[in-house]
Every structure is written in structure tokens, then in C-alpha cells.
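This briefing covers a helix, a nonpolar core and the surroundings of a ligand. Please read it alongside the sequence and coordinates.

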Amino acid sequence: MRYRPPAPGEVVLSRHDGHLEARAPEHPPGRGVWANWPKPASRRGGSALVRALGDSNSVIDATGGLGVDAWRMALAGRSVTVLERVPVVAALLADALERAAAIDAAAAARMRLVEGDSRRFLASLGEHDRPDAIYLDPMFPPKRRESALAPKEMQFLASIAGDDADAGELLEMSRRAARKRVVVKRPQHAPPLGPDREFALESKLLRFDVHRPIGAGDRS
Ligand SMILES: C[S@@+](CC[C@H](N)C(=O)[O-])C[C@H]1O[C@@H](n2cnc3c(N)ncnc32)[C@H](O)[C@@H]1O
């Protein structure tokens with residue numbers, strides 16, 4: 001049966017083979033989408049992301065999704081607060097985080113999950129809570145986008161989470177909240193999400209744009 005992502009409101013959440021999965025009602029257990037975090041040995045695709053973080057230790061992943069990028073950052077030694085606003089997706093993330101200690105206990109201990117809208121979370125941060133870096137991976141039309149996720153997972157997120165039309169606003173807020181940098185994952189052909197890109201790290205199909213923060217002196 002060809003994969004059809006469930007529409008919002010019709011998602012079935014159930015346990016299969018030790019993990020939580022989300023599927024359309026007509027699909028049998030085992031055909032759904034779940035957060036399948038890689039083992040430390042398979043860090044394919046994660047190195048450009050980690051290089052883009054520079055010497056940042058604390059990171060907010062403001063577009064959590066299924067958490068693969070957040071997990072890669074935690075495996076690389078960063079403390080990661082991961083945010084996700086769609087409850088079904090946040091439930092898959094929470095399940096992955098529970099299972100993560102069995103993959104790498106130290107990396108799992110460096111991760112914290114917050115369910116909710118990142119814009120509200122960033123607006124509530126006190127001066128001492130500001131992270132070194134904020135990472136953004138907003139939805140982009142999946143056909144031309146390379147992702148850490150397989151196409152089925154991207155179809156699921158696109159159907160459930162929509163197109164992240166507020167990503168530009170999230171970038172602006174992130175640049176005000178981050179101490180050192182904001183890293184944005186983009187498809188190779190797409191323009192930067194916003195102004196003041198300092199540099200980009202590129203691979204064949206995707207790019208990590210590094211934007212400078214809006215410092216106290218620049219803030220209006
Ligand atoms: C392309 S996915 C991210 C994939 C992720 N990098 C991964 O490795 O699985 C984008 C996700 O960001 C979430 N998102 C977008 N804007 C958000 C916001 N303002 N607050 C919280 N989550 C947001 C969407 O719900 C969606 O699940």
C-alpha cells in the first residue's frame with residue numbers, strides 16, 4: 001500500500017515494536033511514522049550541522065520535528081532544548097527521548113523537550129537563559145529538499161505541521177535570543193530565510209546558513 005500521511009485530526013497513535021508511532025487509520029500497525037534516532041556510529045549528514053554550531057555549547061532547536069537533528073547535536077556534546085508545537089509530533093519526540101538513554105545515556109541526558117510554540121518560549125527567556133545558538137529547520141516543499149529524514153517522515157510532518165509560514169518571524173526572534181549564532185537549514189536552491197547571513201556551510205543538496213545575532217546595541 002502506498003504511504004498516505006494522515007490528515008490532522010485523524011492520526012492514530014499506537015505502540016508497535018517498542019516505540020510509539022503515528023499512522024492513518026487505514027494503515028496497519030508498523031506502517032506509521034516514528035522518531036527513529038540513529039546510533040552514535042551513524043552520524044551521516046550531521047557533521048556540517050555540528051560544524052555550523054561552532055563553539056556553541058547550549059542550543060535551542062526551535063523546530064524539533066522528529067528530533068533527528070537535535071539528537072545529532074546532543075551526540076556531538078551539545079546541551080539541546082528541543083521545542084515542538086504540534087502535540088502529536090511532540091508525543092513522538094517524548095517517546096524517542098525515553099528510549100534514547102539505551103542508545104547513548106550521556107547524550108540523552110543532554111536533551112530536554114518542551115512542547116509548545118518556540119516564539120512564545122523565546123519571548124519568555126530571561127537574560128541568563130539565553131542559549132549560545134538557536135537551530136531552525138522550518139518546513140520546505142519536500143520535493144526539492146534534502147533532509148535528515150526519509151521522504152515518508154517529511155510527508156507526515158508536512159501534512160501534520162503545515163508549511164511553517166511564520167519561519168521568518170521565528171528567525172528574527174531567534175537572532176534576538178541567541179548569544180552567538182542562529183543556524184538555519186535550507187535547501188541548496190533556496191534563498192536565505194532572512195538578512196545578515198554571515199556564512200554558509202554547503203553540501204550537495206542542502207545548506208546551513210549561519211546568521212549573526214541581533215546584539216543589544218542593534219535591538220530596536
Ligand atoms: C522540518 S521539521 C524539523 C525536522 C527536524 N529537524 C528533524 O530532524 O526531525 C519542522 C518542525 O518544526 C515545527 N515548528 C515549526 N515552527 C515551530 C514553532 N514556532 N514552534 C515549535 N515548533 C515549530 C513543526 O511543527 C515541524 O514539526
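Leu92 touches Leu20, Ala22, Trp34, Ala35 and Leu66, not counting residues up to four places away in sequence; contact requires C-beta atoms, placed from the backbone, within 7 Å. The model is predicted: local features need pLDDT of at least 70, side-chain atom pairs count only at pLDDT 80 or more, and totals for chains, interfaces and linings use all residues. Residue numbers run from 1 along each chain as its sequence is written.

**Nonpolar core**
- The largest nonpolar core (buried Ala, Val, Leu, Ile, Met, Phe, Trp, Tyr and Cys residues joined through C-beta atoms within 7 Å) has 54 residues.
- Met73, Leu92, Ile134, Leu136 and Val183 have the most contacts inside this core.
- H3 gives the most to the core, with seven residues.

**Helix H6**
- In H6 (residues 151-161), the buried residues are Glu153, Met154, Phe156, Leu157 and Ile160; buried means that 20 or more other C-beta atoms lie within 10 Å of the residue's own.
- These residues lie on the same side of H6, because they cover an arc of only 160 degrees around the axis, taken from the directions from the helix axis to the C-beta atoms.
- Strand S2 (19-23) and helix H3 (87-100) are what the buried residues of H6 pack against; helices (H or I, at least four residues) and strands (E, at least two) are DSSP runs, numbered from the N terminus.
- Gly162, just after H6, takes a positive phi of about 80 degrees.

**Ligand shell**
- Among the 25 residues around the ligand (C-beta atom, placed from the backbone, within 6 Å of it), Thr63, Gly65, Arg85, Ser118 and Ala161 come nearest.
- Helix H2 (68-75), strand S4 (79-84), helix H5 (118-123) and H6 each supply at least two shell residues.

How values were computed:
Buried ≥ 20, exposed ≤ 12 C-beta atoms within 10 Å, placed from the backbone. Contact = placed C-beta atoms within 7 Å.
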